[in-house]
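Student: I have only just opened this model, and I would like a close look at one part of it. Could you show me the largest pocket, and then lead me into what the rest of the fold holds?

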Amino acid sequence: MNKSICFLLVLSFFVEFSFAQKNTPIVVASYNLRYNTANDGVNAWPNRKENVKALIRYHEFDIFGTQEGLRGQLDDIAELKEFAFFGAGRDDGQQAGEHSAIFYKKDRFNVLESGNFWLSETPDKPSKGWDATCCNRICSWIKFKDVVTKKTFYFFSVHFDHQGVEARRQSGKLMVQKIKEIAKNETTILVGDFNSTPDTEQIKEIETLLSDSKKVSQQAPYGPEGTFNAFKFDAPMKNRIDYIFTSPKVSVLKYGVLTDAKDQRYPSDHQPVVAKVVLQ
């Protein structure tokens, strides 16, 4: 084999390798963990935390947003040593109360920027919004650099109010406003428990900026429509309230709602929503 042919073969290999690296997929997910309360009895967090961790590892999540997790629950998940996490407690912006945290594989992603805001008329401080009466609601976000593909992107994790109709409606508008303000025109992924079905005003508002990953998945969606099970193994799961949204620069290869269970018990009262994506 002459030198010219050898050179072309080597060049071809490096071109293909470079292309493959730039198109390495990311497995993203949204997972409402159900907060740690003894009132859940057999479904209380100590009885299911190992199942949550096993699910995350088996399905090879790269980045995922959580909702309802208290700091101790997040520390439990962080026992998966490949992950680090960022987030703040909704009650004080530190560690108090539930988090909308973001977990990521620390060997693959570098954190460039991060922050939090509240779903309210005063998003810069812990606060309830509009007609919400139960709880502060928080969104956490990170700007990442993927060390494999060298691409940067923003990732948001959020939990909308479960009672306030106006709070959910206004939260949809606030999310669009804050994503435009923080991420501008850069690649963005938004995950969360929106306590809203696809026909609601707030979901349609978000879709003016981002795409519902289920709708743009190249492969047919997998699993049930619904994402809430109330810890009932035979739950009909007709209503979808957990989502992964993506900007136009994200190709969604496949989307699914996972139904993993052990001894007919789900690891949480929500199903994890997962998408395999490629950043363009």
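**The pocket and the interior**

Tutor: Gladly! The largest pocket holds about 370 Å³ of space, a pocket being an open set of points on a 1 Å grid with protein on both sides within 12 Å along at least five of seven lines. Please keep in mind that this is a predicted model, where local features need pLDDT of at least 70 and side-chain atom pairs pLDDT 80 or more, while totals for chains, interfaces and linings use all residues. Residues are numbered from 1 along each chain, and side-chain values use heavy atoms, without hydrogens or water.

Fifteen residues (with an atom within 4 Å of a point) line the pocket, and V27, H59, K254, L258 and V274 are the closest to its centre. Two strands, β11 and β12, each give two or more residues to this lining; strands here are DSSP runs of E with at least two residues, and helices are runs of H or I with at least four.

Both of those strands also feed the largest nonpolar core, as do β1, β4, β6, β7 and β8, each with at least two residues. This core has 21 residues, and V28, I63, F144, F153, F155, I189 and V277 make the most contacts inside it. Its members are buried (under 20% relative accessible area, with a 1.4 Å probe) and joined through side-chain atoms within 4.5 Å. Take I189: beyond four places in sequence, its contacts (heavy atoms within 4.5 Å) include V28, F153, F155, V250 and V277. Another core, of 20 residues, lies apart from the largest one and has L119, Y154, F156 and L174 among its members.

L174 brings us to helix α4, where the buried residues also include A167, G172, M175, V176 and I179. Their cover includes the strands β5, β6, β7 and β8 together with helix α5. Just after α4 comes K184, with a positive phi near 55 degrees.

Some charged residues are tucked in too. R108 sits in the loop between β4 and β5 and counts as buried because its relative accessible area is 11%. Its side chain reaches the backbone oxygen of P25 at 3.0 Å, and a polar side-chain atom of R108 lies 3.4 Å from the backbone oxygen of T24. R108 also touches D62, K145 and D146, among others. Although R108 and V147 are 39 residues apart along the chain, their C-alpha atoms are separated by 5.5 Å. In helix α2 you will find K53, buried at 7% relative accessible area and touching D76, I77, E79 and L80.

Now look for a closed space. The model has one cavity of 30 Å³ or more, a cavity being a set of points where a 1.4 Å probe fits but cannot get out. About 50 Å³ of space lies in the largest cavity, which is lined by E68, R90, E98, H99, S100, N136, R137, I138 and H159. E68 belongs to the loop between β2 and α3, and it is buried at 11% relative accessibility. Its phi is positive, about 75 degrees, although E68 is not a glycine. R34, also not a glycine, has a positive phi of about 65 degrees; it is found in the loop between β1 and α2 and is buried at 18%.

Notes: Buried means under 20% relative accessible area, exposed over 50%, partly exposed in between (1.4 Å probe, protein chains only). A polar contact is a pair of N or O atoms within 3.5 Å; within protein, one must be able to donate a hydrogen and the other to accept it, and residues adjacent in sequence count only if both atoms are side-chain atoms. Grid points are joined across faces, edges and corners, and a volume is the space filled by probe spheres set on the points.
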